[in-house]
Amino acid sequence: MKSAVVVFPASNCDRDAAVALQRATGKAPRMLWHAETDVPDDLDLIVLPGGFSFGDYLRCGAMAAHSPIMRDIVRRARAGTPVLGICNGFQILCETGLLPGVLMRNASLRFVCKPVALRVEETQSLFTRRFKRGEEIKIPVAHGDGNYFADEETLDRIEGEGRVALRYAPGANPNGAARDIAGILSENRRILGLMPHPERAADAELGLTDGSKMFASILEALP
Amino acid sequence: MTVPMVSLETALAHGLSADEYAKIEDLLGRTPNVTELGIFSVMWSEHCSYKSSRIWLKTLPTEGPRVIQGPGENAGVVDIGDGEAVVFKMESHNHPSFIEPYQGAATGVGGIMRDVFTMGARPVAMANALRFGAPDHPKTRHLVAGVVAGIGGYGNCMGVPTVAGEVNFDPAYNGNILVNAMCVGIANTDRIFLSEAKGVGNPVVYVGSKTGRDGIHGATMASAEFDEASEEKRPTVQVGDPFTEKLLLEACLELMQSDAIIAIQDMGAAGLTSSSAEMASKGGLGIELDLDHVPQRETHMTAYEMMLSESQERMLVVLKPGREKQAKKIFDKWGIDFAVIGRTTDTGRMVVRHQGRIEADLPVSALADAAPVYERPYVERKPPAPLGEIEPPADLKATLKRMVARPDLASRRWIWEQYDYSVMADTVQAPGGDAAVVRVHGRRKGLAITTDVTPRYCRADPYEGGKQAVAEAWRNLSAVGALPLAFTDNLNFGNPQKPEIMGEFVGCVKGLGDAGRALDFPVVSGNCSLYNETNGAGILPTPAIGGVGLLRDVARMATVAFKRADEVIVLLGETHGHLGQSIFLRDELGRSDGPPPPVDLEAEKRNGDFVRGLVADGHVRTVHDCSDGGLILALAEMAMAGGLGCRIETPAGIASHAFLYGEDQARYVVCMTADRMTALVAAAREAGVPTTRLGLVEGDHIRVNGEDWGSVAELRDAHEAWLPDLMAHP
C-alpha cells in the first residue's frame, strides 16, 4: 500500500500518523507539503493529519481547505482515492465539502484530551472492516472543536445511508456532537473523517491499541 | 520629533535607582539619551541581570558527569546517551498572567519553548508549576480558567504534550499568582547551538514575527512590586501567536540541519536589546543594528520602542558569511520573516541606527557585565518551635473523604484534560502519577519529568523547605524508576530589598544546593522571579523545581495505580508521624504551626536508589512516594488510580493519625506479590532501608485497622469533584 500524509503549516500529528502507517504497513508514507500542487498518481491512501493548520485562526480547517494541494486531493477523492481525515483533517474535509456538516467549538468551550469510549456503527468501509459492528473501543480525543453539527435532514440522511462510522458511547460524548457522532463516511464510503486519534492508540506502550485495527483494516482493503 | 531629555527622574521612572543612574553616567562619561537609558533599564533590571540573586545562585551545584551545559545559556543540556541530550528549563510569567491570564500564560509557554529550540532541541514535553490564591477569592476562578486555557492554547497548537505539573491554592497568592512553565527537548549532542557570537562582519539576522509595540517594559514590570494600578499595565502583556511559533520552530530546526549558524538567541525579555547584547557580550564582540530593516507591525515605531519591544516569536541569529540566501530560502518556505539587520564588529560597542541616525552607542560590557550586583542584607528565619502532642480528631476514619477533596489534594484532572498530553504519541505515563514519562522517539529509553515544591515548608523553614523541594522532585523521578539527571529551578520570592524576604531566598537556595549535592542532582538552568508582592504582601517562598530523569527502558517503569488484588503493600522509609506544617494539621485541625518535616538527605539517597533498583529489576511495578497528605493520601491515590481497595494495619507505638497523615520524607509505598516479600525485606535490610508491611491490596474499600474508611468509588467521586465544582460555580 502506498500512502501519503499531507503537512499543512502547523499540522502537528503528521509524524504520529506516519509512524502508525509505517508500523501497520511496513512502509513509510510520503509526506506532502501543502504548497505542492500535484498529488502523486500511485497513492492508495491520503491522510490529512491532526493539528492546528494555519493556527485555527479562521474556522478550523477553513484555510487548509484552500491550500494548493487540496484541489488535486478533492479531485482524486471524488474519483475514489481513499482519504482519512483525523481531527483537524476531519475539519478540513468538512470545509472542502467532501464530508457534510461542520465541527463547532466543544460544548464545554474547553479543549479536551482523554481516552473516550466509542461504538463502531459501520463495518462496511475500508477503515472499519476489521471491527465488529457495535463493538466498543477506546481511542483518545484531543480537540477544542469537535462538536459535530449538521441540519436534521443531513443527519437523517447520513444515518440512513449508514455513514455514521463511529459514535461516542452513551454518556461519553466529550464535545456535544449531534447524535454523538465521532466519525462519518463519504457517500462512496472511501473517505472517513473522525475526531478521535487512532494513531495514538496503535502502540501497546501508550496503553491503547484499538486504533491499530483501523490501520489493519486499511491495509487489508488496500494491500 | 523631539527626543525627551534624560534626567534622574526619567531614570527612576524606568525602575533604575539613583545610584545605578549615576553609575551609567559614569560608565558612559555622559548623559545617555532616552533610547540608551531604556536599554540600560532593561539590561540592568532584576529580571535580566539577576542583580540580587547572582551571588547566591553561584553557590548551587551545576556540574556532573552528564552535564553538557549548565546555567548561563538559554537552557541546560544533559547527556542521555546514544549521541542525544535532553535540553530543559523552567521560566516564570507571573506578573503578566495575573494581569491577563490567558495571554500571560500562553506567552510564558511560548517563551520557554523558544529557549529550548534555540539550543537545537525539538521540544518533546511541557510541564508547569502553578500557584493561585484562595479558592474562594473572587479572582481565583477567573485566573485558573484563563491560565489553564492559555497554557493549553499555546502548547496544544505547538503539538508538544503538556504532561506534568502541580497546583496549590493559598491566600498568599491572592494578588500575585505564579505561572512557571517548563519545556523539555531532545537534541543531538553534536548539534547544540549556543548564543556566543563569533567572527567580525558576520550577518546578524532577525527571524520570526514582526515587531510591534507590545510588551514594552515587560522586564521592568517583572522587576517591581504590584499595586492596584498594575492592571493598567495590561498593554505591556504580550500577545502570543502559537501558529507563527510552530512555523518558527520548524524553520529553525530545518536551518539547524545545516552548518550555517554561528550563534542563535531567542528574543525573550527585553527583546532585541538583550538578545543582541548577550550574543555580543559572550563573544567579546561589538554589534551594529540598523533598525530600518527590522520587520515592523506598526508604523512610526521609534528606536526606543523597537529596542524594548517584547513582541513574541522572534529570534536573532548570527550566520556564517554568505549563507544568507540558503537560510532565507528555508524561512520563506515556512512563511516567516527573515531580515539581515546588522553585523558583528570588533568595536565592543552596541551601535543602533535608525533612519540614518545613531540612536544608541554603548559599550557592550557596560550593559552585560557592569550590571550591578547586590549583596542584599538578610535575616535568617528562626526555625519554628516543635509542635508537641497533637490530639487525634474524634472520628479519624471520616477524615479521609474530606482530605482527598482538599484544595491542595484534590484531583487536577479538570486542568490536565485541557492540555494535549498525548500528541507526539510517546507519552507512556500520562499526568496524575509521581512523574510523567515520555519515550525518546524511536528508542526504548524515556524521560521522566516532574515539578515540585512545598511553599508552606519553605515559609516555616526556608532551608529545610529548599532541601525538601529538590528531594521531592528527585523522589518523584525515582518513584517511576528513573535515574534523576538534573533539575531546573524557578525561584519565586517577594521583594529582595526586605531582609526577611532575602532571608527566605538565601535559606531556600542553601537548601537547594545541599540537596542537589547530596543527591548528585545538579541544577542546569533556571530563572528568578522576585518582587512577587502586591501592596506589600509577599507570596510564600516558592522555589519551584523541575526535575528530569532517565529510564533505560520504558517497559521497566512503575506507576501509582494498584494493579492486582492480594499484592502486599510495603512502606519503605522511616515514619515518626511528623505533623508540623502538614495538610492534615492545617485543613483538619486548623493549625499552621510547627517545623516542616526534616529532610535526611542520606536516607533520601539510600531509599530512592533502592526503589529505583526494584523497578529496574522488574520486582515492582507499583510505587508511590509519600508527600502532601502523608501515607494515607498516597494509599488513597493508588486505590483511586487502580480501582482497587486495600486493607492495612498501622504499627504499634505510634498514634494512627500521625502515622497516616504525617508528612515524613524519604518514603515510598510499593506493592509486590507475596512471594517476593522475604527477598525484598532482606535486600532492604542490607541496603539500610527500613520496611513496614502495611497490608494487602484487597476489595473496593480502604480499611484501616479493621475500620472502613470509605469505598474507592466514593473517595474518587469526592476527589474528582472538587475542582470541577469550584470552576462550575456561578
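**Reading the cores and chain B**

Guide: Of the 276 residues in the largest nonpolar core, A:Tyr148, B:Leu447 and B:Tyr661 touch the most other members. Bear in mind that this is a predicted model.

Visitor: Okay, how do I read one of those hubs? What does B:Leu447 touch?

Guide: Skip the residues up to four places away in sequence, then look at what is left. For B:Leu447, the list includes B:Ile80, B:Val86, B:Val124, B:Val184 and B:Ile186. Also among its partners are B:Ala436, B:Val440, B:Val548, B:Gly549 and B:Leu550. There's a second, separate core too, with 49 residues, including B:Phe40, B:Ala303, B:Ile341 and B:Val364.

Visitor: Now chain B as a whole. How many helices and strands are there in chain B?

Guide: Chain B has 25 helices and 28 strands. To judge compactness, set the radius of gyration against the globule rule: chain B comes out at 26 Å, close to the 27 Å given for 730 residues, so it is as compact as a globular protein of that length. Its C-alpha trace spans about 85 × 50 × 50 Å along the principal axes.

Visitor: And what share of chain B counts as buried?

Guide: With buried taken as under 20% relative accessible area, 65% of the 730 residues qualify. The accessible surface of chain B is about 24300 Å², and carbon and sulfur atoms own 50% of that.

Visitor: What about sequence separation in the contacts of chain B?

Guide: Take contacts between residues at least 6 apart in sequence: 85% of them join residues at least 24 apart.

Visitor: Last one: how far apart are the mean positions of the positive and negative charges of chain B?

Guide: Chain B has 69 positive and 95 negative charges, and their mean positions are 4 Å apart.

Technical notes: Residues numbered from 1 in each chain as written. Chains lettered and ligands numbered in written order. Predicted model: local features only at pLDDT ≥ 70, side-chain atom pairs only at ≥ 80, totals over all residues. Heavy atoms only, no water. Core = buried A, V, L, I, M, F, W, Y, C linked by side-chain atoms within 4.5 Å. Buried < 20%, exposed > 50% of the residue type's maximum accessible area, 1.4 Å probe, protein only. Contact = heavy atoms within 4.5 Å. Helix = DSSP H or I, 4+ residues; strand = E, 2+ residues; numbered from the N terminus. Rg over C-alpha atoms; globule rule 2.2 N^0.38 Å. Areas by Shrake-Rupley, 256 points an atom, 1.4 Å probe, with all protein chains shown as cover. Lys, Arg positive; Asp, Glu negative; His and termini not counted. Charge placed at Lys NZ, Arg CZ, Asp CG, Glu CD.
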